[in-house]
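Biologist: I am new to this structure and would like a close look at a single part of it. Could you take one helix, say how it sits among its surroundings, and then place it in the whole?

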Amino acid sequence: MKMNFDERAAYEKMKAGVLTSTGFLGSDTRPLSDIVEADEELFRALGLDFDLVAERLEALARKGAEGLGEPITIQGQYLVKSDEARGKLPCPYGDGLYHKNAVSVRKGADTVIYSDLSLHLLRVHHFCQGQGSPFRLDPVVLKRLLF
């Protein structure tokens, strides 16, 4: 699918080395709209809701922050580590600044890493990040991890 001007501008900002060293696209070379559309279809197929997933990840991040940078166990099943950094990151879509952080959540063999910006991208833009991105919120992994 062809990208409009806003999508092209966001896509350019998502490339490695522009807003972050690794970017948001990983090894994914598909147009932004195709990445989003594929993840929206997968969310529907898995019975996931973007807002509910973001809320659950947000709750785990809040609890994980109580570990003050050390991993802590939450609800007897999640190993959560929350790292903080100074500064803020802009949303590539141009609609806000988000605290720099990295939260890792592990349950069994599944792990996701995300940030405040990741949650915004998920909730508002339905962008899970590209295949191979270190902060990708893979819908299949989210389903196993959270439900």
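Modeller: The buried residues of helix H4 pack against two helices, H2 (32-46) and H3 (50-65), and against three strands, namely S2 (78-90), S3 and S4 (110-114). This is a predicted model, and every value that follows was computed from it. The residues of H4 that make up this buried set are Leu117, Ser118, Leu119, His120, Leu121, Leu122 and His125. Because seven of the 10 residues of H4 are buried, which here means a relative accessible area under 20%, the helix is largely enclosed by the rest of the structure.

The helix itself covers residues 116-125, and aspartate 116 belongs to it. Aspartate 116 is partly exposed, with a relative accessible area of 29%, a value that lies between the 20% limit for buried residues and the 50% limit for exposed ones. When its neighbours within four places in sequence are set aside, aspartate 116 is in contact with Tyr98, His99 and Asn101. One of these, tyrosine 98, stands 18 residues away from aspartate 116 along the chain, yet the C-alpha atoms of the two are separated by 6.0 Å. Strand S3 spans residues 97-107.

H4 and S3 also take part in the largest pocket, since each supplies at least two residues of its lining. That pocket has a volume of about 220 Å³, and of the 15 residues that line it, Thr20, Thr22, Leu89, Ser115 and Phe135 are the closest to its centre. S3 gives the most to this lining, with three residues. By residue class, the lining of the largest pocket divides into six nonpolar, eight polar and one charged.

To place the helix in the whole, it helps to step back to the fold. The protein has five helices and four strands, and, read along the sequence, these follow the pattern α-α-α-β-β-β-β-α-α. The radius of gyration of the protein is 15 Å, close to the 15 Å that the globule rule gives for 147 residues, so the protein is as compact as a globular protein of that length. Along its principal axes the C-alpha trace spans about 45 × 35 × 25 Å. Buried residues make up 39% of the 147 residues in the protein, and among contacts between residues at least 6 apart in sequence, 54% join residues at least 24 apart. The accessible surface of the protein comes to about 7700 Å², and 53% of this belongs to carbon and sulfur atoms.

Two residues in loops offer a contrast to the enclosed helix. Leucine 68, in the loop between H3 and strand S1 (72-74), is exposed, with a relative accessible area of 76%, and its phi is near 50°, a positive value in a residue other than glycine. Glutamine 75, which lies in the loop between S1 and S2, is likewise exposed, with a relative accessible area of 62%, and although glutamine 75 is not a glycine, it has a positive phi of about 55°.

Key. Residues are numbered from 1 along each chain as its sequence is written. This is a predicted model: local features need pLDDT of at least 70, side-chain atom pairs count only at pLDDT 80 or more; totals for chains, interfaces and linings use all residues. Side-chain values use heavy atoms; hydrogens and water are left out. Buried means under 20% relative accessible area, exposed over 50%, partly exposed in between (1.4 Å probe, protein chains only). Contact means heavy atoms within 4.5 Å. On a 1 Å grid over the protein atoms alone, a cavity is a set of points where a 1.4 Å probe fits but cannot get out, and a pocket is an open set with protein on both sides within 12 Å along at least five of seven lines; lining residues have an atom within 4 Å of a point. Grid points are joined across faces, edges and corners, and a volume is the space filled by probe spheres set on the points. Ala, Val, Leu, Ile, Met, Phe, Trp, Tyr, Cys and Pro count as nonpolar, Asp, Glu, Lys and Arg as charged, and the others, Gly among them, as polar. The radius of gyration is taken over C-alpha atoms; the globule rule is 2.2 Å times the number of residues to the power 0.38. Accessible areas come from the Shrake-Rupley method with a 1.4 Å probe; for residues, only the protein chains shown count as cover.
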